[in-house]
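The paragraphs below follow one helix pair into the interior of a predicted model, and then turn to some backbone details. Please keep the sequence and the structure in view while reading.

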Amino acid sequence: MSADGHTHAGGTINRRRLAIAFGLTASVLVAEVIGAIITGSLALLVDAAHMLTDAGGLLVALFAAKLMERPATSRRTWGLRRAEVLAATVQATVLLGVGAFVVIEAVQRFSQPAEIASVELLVFGIVGLLANIIAIVVLSGGRGDNLNMRAAFLEVLNDALGSVAVIVAAVVIMTTGFQQADSIAALLVGVLIIPRTLRLLRDAVDVLLESVPRGIDLDDVRQHLRDEDHVVDVHDLHITQIATGLPVLTAHVVVEVGCFYDGHAPEITQALQRCVAEHFPVAIDHATFQLEPPGAVQAHDMH
């Protein structure tokens, strides 16, 4: 009961965090679009485009956070916990597109720099950075909860880096007249976006492909299960991840034949479940073991 209550409370807090971050990002987006028109800055326009995708991403994250709280049904036995992974995948894909656009546009603009209104650019950059800092503080407490919150935090952090680049470009243009600083700033934003986004996309795809969760060594788990008393062998061992913090294990465990006659089998199952739940750095609380007598594997293969 307490665990469910904690999950629900955490989800409500995360939704509130996402709503505040979305409001801030949407407000800065409007300001930066106006600023890009006034100043003619590519860096500011790129940051506004980035803000647009991030506002959309935060809206998706907010929607996903709500979906994740829906209870399990007879059709969706895990509820909609995996909504976080789908949301993170969408956000990462969009961010990759933005990063590629920024790099291409900045390279083209570098050879033909536009005249930039540096004072106005500095003002809009500072406004954007202040809003980003507030959003970072709001989201920081929940960034480790799941992939969805991690993606949202990453987007806001990238926005802040973009605002810093805009401010630096404005100062350089004001003090030196070097107009290409705007294109360089835009290029740096793109370079910063891509590596972080690729890591997020990799983690989301790992979940979708049902890869073994990071932090779990499948061979180590297999060996520890084999070392349990009365266990002869372990096969068909699978460890996947439904969502963040929700690893799932299934395995066929061959045990001594006498265990099926002396009533010892339930104790073996409990020992196996304790092993995977308590022994490893990543606790696996959802484990299903099928106990089999020696020879069952060969009989199954012959069938």
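In this predicted model, the crossing of helices α7 and α8 is right-handed. The residues that make this contact are V221, H224 and L225 on the side of α7, and L272, C275 and V276 on the side of α8. By character, the residues of the contact divide into 5 nonpolar and 1 polar, with no charged residue among them. As for the geometry of the pair, α7 spans residues 218-226 and α8 spans residues 265-278, and the two helices pack at an angle of about 145 degrees with their axes 10 Å apart.

Which residues of the largest nonpolar core touch the most other members? In this core of 22 residues, they are V221, L225, L249, V253, V276 and F289. At least two residues of the core come from each of α7, β1 (231-243), β2 (246-255), α8 and β3 (286-292), and α8 gives the most, with 5 residues. A second core, separate from this one, holds 20 residues, including L18, A135, M149 and V156. As a general background to such groupings, nonpolar side chains in soluble globular proteins tend to be buried together.

V221 is a useful residue at which to pause. This valine is found in helix α7, and it counts as buried because its relative accessibility is 1%, where the cut-off for buried is under 20%. When neighbours within four places in sequence are left aside, V221 is in contact with I216, L237, I239, L249, V276 and F280. Two of the names in that list, L249 and V276, also appear with V221 among the core residues that touch the most other members. Across the helix pair, the C-alpha atoms of V221 and C275 are separated by 8.8 Å, although the two residues lie 54 residues apart along the chain.

Where along the chain do the backbone details lie? H230 has its place in the loop between α7 and β1, and its phi is near 75 degrees, a positive value in a residue other than glycine. With a relative accessibility of 31%, H230 counts as partly exposed. D236, in turn, lies in strand β1, and its phi is near 50 degrees, again a positive value in a residue other than glycine. D236 is likewise partly exposed, with a relative accessible area of 43%, a figure that falls in the class between buried, under 20%, and exposed, over 50%.

How values were computed:
Residues are numbered from 1 along each chain as its sequence is written. This is a predicted model: local features need pLDDT of at least 70, side-chain atom pairs count only at pLDDT 80 or more; totals for chains, interfaces and linings use all residues. Side-chain values use heavy atoms; hydrogens and water are left out. Axes are lines fitted to C-alpha atoms, for helices over the stretch in contact, and angles run from 0 to 180 degrees between N-to-C directions. Helices (H or I, at least four residues) and strands (E, at least two) are DSSP runs, numbered from the N terminus. A crossing is left-handed if the near helix is turned anticlockwise from the far one by less than a right angle, and right-handed if clockwise. Contact means heavy atoms within 4.5 Å. Ala, Val, Leu, Ile, Met, Phe, Trp, Tyr, Cys and Pro count as nonpolar, Asp, Glu, Lys and Arg as charged, and the others, Gly among them, as polar. A nonpolar core is a set of buried Ala, Val, Leu, Ile, Met, Phe, Trp, Tyr and Cys residues joined through side-chain atoms within 4.5 Å. Buried means under 20% relative accessible area, exposed over 50%, partly exposed in between (1.4 Å probe, protein chains only).
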